[in-house]
Amino acid sequence: MVRRLVLEDLRLVRMIHDLNANVDSNVLAFTVSKIADSLEDYEKNIWIYDGRSLRQVTRGNSDFSPRILGGKGLVFLSRRGLGKDKPGVEVWYLPFDGGEPMRVAHISGGVNDLRIVNGVMYFMSNVGPVQEDVKFVGDWPLWFNGRGFVHTFKSHLFSLDLSGAIRQLTSGDFDVVAYDAEPGGKRAVIAVSTNRFKPYRNEVWVINLESGERYTVLSNYSVSAIRWSPDGKYLALVGNDLHRGLVTHDHVLLVRPDGGEVIDLMRGVDRNVGNSLNSDARGSPPPMKLQWVGDWVYFMMMDGGSSRLVRASINGGVEVVIGGERSVEDFVVMRDGTIYFISMDPLRPTELYRWFNGNEERITNFNDWVNFIELSKPEPFRFRASDGREVEGWLMRPPGFRQGIRYPAILEIHGGPKTAYGYSFMFEFQLLVNEGFVVIFMNPRGSDGYDEEFADIRGHYGERDYEDLMEGLDYVLRSYDFIDPGRLGVIGGSYGGFMTNWIVTHTDRFRAAVTDRSISNWVSFFGASDIGPYFANDQIGGGEDRDFWAYLESYMAKSPIMYVKNVRTPLLIIHSLEDYRCWFEQAVQLYTALKYLGKEVRMVVFPGENHDLSRFGKPNHRLVRLRAIVDWFNEKLKA
C-alpha cells in the first residue's frame with residue numbers, strides 16, 4: 001500500500017556519509033545517521049561492508065568519521081564519552097579481530113579532516129585559550145557559524161598514534177585550511193590562511209615534520225583540498241586563482257612539491273569542482289575530495305543540476321566516470337578499479353552503490369521506506385531568458401495530480417548564491433507537494449553547475465537573478481495551465497532569503513512568502529556576519545578591494561530594508577538565534593520595520609540553532625520549522 005508523505009516521515013530518512021576504505025582489501029566503512037527517538041539529536045553509528053556483507057560495528061549512537069587503519073581495525077570520532085556541554089570530540093579505535101572499542105584521545109579543539117597516511121593519524125584542530133564566560137576580543141572574526149566564538153583560536157595540524165600521543169605539527173599566526181602528508185611521511189603540505197580579512201587567499205607550504213622548516217610552493221590561490229601523488233612527484237589541488245573573486249570555479253590544479261608551473265587539469269571545462277547541490281537529507285556536507293589512481297585524479301564536479309564523479313589525467317583529458325540525474329555525494333576507487341560511491345536522487349535519499357566496468361548496483365537499502373510513499377518526480381524545463389541565456393528549472397506536481405484542477409504553487413529559491421537545485425533529495429519539496437502545492441525551483445544567474453559567467457552576479461544582486469526567476473515563473477505559468485496564478489507563494493533561505501525579501505519589496509504577484517535565515521540590510525551584514533567584510537565587498541561591492549564606505553550607497557541600494565514600504569505580501573520570517581552567517585539582527589530589523597508600517601508579518605525564532613537549521617538542526621526544531629512553513633502556505637494560499 002502506497003501512501004502520502006507526512007511531516008513525521010522525516011524520522012525515516014537514513015543518511016549515509018563519511019565513506020572510507022582500504023583500497024587493497026576492499027573493506028569500506030561509513031556512517032549511518034538518523035533522527036533519534038528523542039527528537040533532540042541524531043544517532044550516528046559506523047557500518048562496514050567487505051564486498052559480501054554489511055554489518056553495524058558501533059552502537060555508541062554518536063560515532064562518525066570512520067578511517068580504516070590498514071588491516072588492523074578502524075578509528076572513528078565520537079562523543080560517547082563526553083557530556084552534553086564538554087567541548088571537543090574523542091578518537092576511538094576498534095580492532096577488526098574482535099573486542100570492544102577503545103578510547104584513544106580526547107581532542108578539546110575538535111577534529112577536522114581526520115586522515116591516515118602510512119599508519120599515522122593526522123587531523124586539524126583549533127588551538128587557543130577558551131573564554132567560557134566574558135569574552136575579551138582583540139581579533140577578527142569574533143565568531144563563526146556553527147562554531148561559536150573563535151577569536152582566540154587558530155587551526156593547526158596534528159598527528160596522533162594509538163597510544164594517545166598527540167603532536168602539534170604547526171604553530172603560528174595562521175590557519176591551516178587543507179593538508180596532506182607525503183607518502184614517505186617525512187613532510188606535509190599545507191594550505192594556510194594568513195590574512196583574516198581575505199581568508200580565501202591562501203599560501204601552500206611544504207613543511208619538514210621533524211625540523212619544522214618550510215618553503216612556499218604557491219601563493220595567492222584559493223585552496224580547499226590537497227593530495228600528494230603516490231609517487232611523491234606531484235601535488236593535486238582543488239583551487240583557483242580568484243580571477244572572478246569568490247565566484248571563480250574551483251579546478252583540479254597540478255604543481256610539483258618544489259613549486260613551478262601550475263597546470264590546470266580541467267582546462268577547457270568551465271565547471272566547478274565539488275558538490276554544491278542543496279539537500280536537507282544529508283548526514284554531513286559532501287567532502288571536497290581528491291583521489292589519485294595512477295596518472296588520474298578522481299573528484300566530484302557540478303554539471304547543471306547534477307553532481308558527477310569525474311577524473312582528470314596528468315597527461316591531459318577529463319572524463320565523466322559516473323553521471324546521471326543524481327547527486328554523487330562521496331566516492332572511493334579500489335585497487336581493482338571497483339568504485340564505491342554514495343548517491344541520492346529526488347526519489348531516494350543516500351545509499352551506497354558499487355560500479356565496475358560500467359555496471360552499477362545498489363549495495364544498501366537503508367531508505368527502502370520510499371517504496372511505500374507516493375513521491376513526486378521533478379519535471380525539468382528550460383527557458384530562454386530575455387537576454388538570450390538558457391536557464392534550467394524543475395516543477396513537481398502533487399501526488400494524485402488531476403487534470404482540470406488549478407493548484408497553488410510555491411517558488412523555492414536556493415541559497416549561496418553559488419549553489420544549485422537539481423537531482424538531489426529534498427524532503428521539504430516532497431512535503432509541500434504532498435500538501436497539495438506545485439513546487440517550482442530553478443537555477444537562475446548566480447547558480448553553480450554552469451559556466452563562470454553564468455555564476456558571476458557580483459555587484460548585481462537583485463538584477464539578472466531576479467529577472468530570471470520572474471521570467472522563469474512566467475514561462476511556467478504559460479506552459480502549465482494547472483497552476484493558479486492568483487495563488488503563488490515564494491520561499492528562500494540565506495541568499496534565497498535575501499531574494500525573497502527583494503521579491504516582496506519589488507512585486508506583489510505573490511500571495512504569501514517565507515524568508516528563512518535571510519539578509520535584509522547589507523550594511524549591517526558587513527559588520528555583523530562571520531564572513532561580512534570579504535563576502536559583502538566581493539558580492540555586493542563587486543570586488544574584494546572595494547572601499548566599503550565609498551560604496552555605501554550601493555550597499556543600501558541592494559538592501560531590501562530600503563524598499564520595505566512597498567511590501568504587500570504577507571511574510572513569515574524564520575531565523576535562528578545563533579546564526580552568525582546572517583545574524584539575527586537581519587530578521588529583527590525587517591520584522592520591526594514591517595510591524596511599524598502596519599504590514600502583515602510573523603516571525604518564528606529558534607534558540608540554540610545556527611544557519612544550518614533546515615539541514616542539520618535539532619530534529620524537533622526542523623519539524624517545527626517545516627510545520628510553520630506548511631501551515632503558513634495552507635493558510636494564505638488555500639483560503
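## The second largest cavity

In this predicted model, the second largest cavity encloses about 50 Å³ of space. Its walls are built from Pro-346, Pro-378, Met-396, Gly-422, Ser-424, Met-426, Phe-429, Gln-430 and Phe-441. Sorted by class, that lining comprises six nonpolar and three polar residues, with no charged ones.

## The largest cavity

Now to the biggest space. The structure contains five cavities of 30 Å³ or more, and the largest has a volume of about 170 Å³. It is lined by 18 residues, of which Tyr-421, Met-426, Glu-428, Arg-517 and Ser-614 are the closest to its centre. Met-426 is worth a second look here: it belongs to the lining of the largest cavity and also to that of the second largest.

Which elements supply at least two residues each to this lining? They are strand S34 (407-413), strand S36 (483-493) and helix H9 (613-616). Strand S36 gives the most, with three residues. By class, the lining of the largest cavity has seven charged, seven polar and four nonpolar residues.

## A look at Ser-313

Let us turn to a single residue. Ser-313 sits in strand S25, which covers residues 306-313. Is Ser-313 buried or exposed? Its relative accessible area is 5%, and because buried means under 20%, Ser-313 counts as buried.

What does the side chain of Ser-313 reach? It comes to 3.0 Å from the backbone nitrogen of Asn-315. Setting aside neighbours within four places in sequence, Ser-313 is in contact with Leu-265, Asp-295 and Trp-296.

Technical notes: Residues numbered from 1 in each chain as written. Predicted model: local features only at pLDDT ≥ 70, side-chain atom pairs only at ≥ 80, totals over all residues. Heavy atoms only, no water. 1 Å grid on protein atoms, 1.4 Å probe; cavity = no way out; pocket = protein on both sides within 12 Å on 5 of 7 lines; lining within 4 Å. Points joined across faces, edges and corners; volume = space filled by probe spheres on them. Helix = DSSP H or I, 4+ residues; strand = E, 2+ residues; numbered from the N terminus. Nonpolar A, V, L, I, M, F, W, Y, C, P; charged D, E, K, R; others polar. Buried < 20%, exposed > 50% of the residue type's maximum accessible area, 1.4 Å probe, protein only. Polar contact = N/O pair within 3.5 Å; in protein donor to acceptor, adjacent residues only side chain to side chain. Contact = heavy atoms within 4.5 Å.
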